[in-house]
Amino acid sequence: MIIEGDQMVRIGRRTFEQLISRDAIDHRIGEMADDLTEQYRDLEPVFIVVLNGAFIFAADLLRACALDCDIQFVKLSSYQGTSSTGVIQQILGVQIPLRGRHVIVVEDIVDTGRTLKYFAELLRKEHPASIEFVTLLSKPDCHETRFESPYIGFEIPNAFVIGYGLDLDGRARNLDSIYQLRDESP
Ligand code: IMP
């Protein structure tokens, strides 16, 4: 990975240009955290962070939320799963009962929306009091199912993005702002 100033990144034959700066991310996360703090003040919510991509976003967002809350992590490697209880528990990776709790799922990006749709179905079986989704990015042009949330950081065009937790084959997660694929030389 070659970082050229703060505007351009090269990975192999791909060139990326900055789409959202670190300052803009910080500012928006502050707003989202204030909204969440206000909304969930006395509800002791359970945040469920979807790994891997959301790890940096979640670390910044949750430290900015002045809330008494649980924080759990799940890894959703695929949205195709089985409905057998044992396997669902393993996929969920949630260590505490969710029945009656206010659940907030933290995602990096909603693209087709398949991952969140699948996860929402798993969560509903646990009978939480409520389920809400927080995502740093959303690509509305790509959604296959309706996705609505008051907690969307930025709506972006249909482009591949990296940085701030988002990767290209495991690389570039550590960039501190978001970059969009500009071109790919043959
Ligand atoms: P969905 O199920 O299509 O909404 O995809 C969700 C997952 O795909 C996200 O949590 C990301 O891990 C990954 N993803 C989608 N778009 C991008 C992108 O532009 N860059 C990096 N990862 C992405």
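Q: Why is D167 called partly exposed?
A: In this predicted model, D167 has a relative accessible area of 25%. Buried means under 20%, and exposed means over 50%. The value for D167 falls in between, so D167 is partly exposed.

Q: What makes R173 and D167 a salt bridge?
A: The closest N and O atoms of R173 and D167 are 3.5 Å apart. The cut-off is 4 Å, from a side-chain nitrogen of Lys or Arg to a carboxyl oxygen of Asp or Glu. The pair lies within that limit, so it counts as a salt bridge.

Q: Why does R173 count as buried?
A: R173 has 18% relative accessibility. Buried means under 20%, so R173 counts as buried.

Q: Which residues do salt bridges with shared partners join into one network?
A: That network holds R22, D26, D60 and R63.

Q: How do you know that D60 and R63 form a salt bridge?
A: Their side chains meet at 2.8 Å, N to O. The limit is 4 Å. The two therefore qualify. Both lie in helix α2 (residues 55–64), three residues apart, about one turn of the helix.

Q: Why is R63 called exposed, and D60 buried?
A: R63 has a relative accessible area of 66%. Exposed means over 50%, so R63 is exposed. D60 has 18%. That is under 20%, so D60 is buried.

Q: What makes E31 and R28 a salt bridge?
A: Their closest N and O atoms are 2.9 Å apart. That is within 4 Å, so the pair counts. E31 and R28 both lie in helix α1 (residues 22–39), three residues apart.

Q: Why is E31 called partly exposed, and R28 buried?
A: E31 has 33% relative accessibility. This sits between 20% and 50%, so E31 is partly exposed. R28 has 18%. Under 20% means buried, so R28 counts as buried.

Q: How many salt bridges does a search of the whole structure find?
A: The search finds 16.

Q: What makes T112 a polar contact of the ligand?
A: An N or O atom in the T112 side chain is 2.5 Å from a ligand oxygen. The limit is 3.5 Å, so this is a polar contact. G113 offers a backbone N or O atom at 2.8 Å from a ligand oxygen. The protein buries 80% of the 490 Å² that the ligand exposes when taken alone.

Q: Which element gives the most to the shell around the ligand?
A: β6 does, with four residues.

Key: Residues are numbered from 1 along each chain as its sequence is written. This is a predicted model: local features need pLDDT of at least 70, side-chain atom pairs count only at pLDDT 80 or more; totals for chains, interfaces and linings use all residues. Side-chain values use heavy atoms; hydrogens and water are left out. A polar contact is a pair of N or O atoms within 3.5 Å; within protein, one must be able to donate a hydrogen and the other to accept it, and residues adjacent in sequence count only if both atoms are side-chain atoms. Accessible areas come from the Shrake-Rupley method with a 1.4 Å probe; for residues, only the protein chains shown count as cover. Helices (H or I, at least four residues) and strands (E, at least two) are DSSP runs, numbered from the N terminus. Buried means under 20% relative accessible area, exposed over 50%, partly exposed in between (1.4 Å probe, protein chains only).
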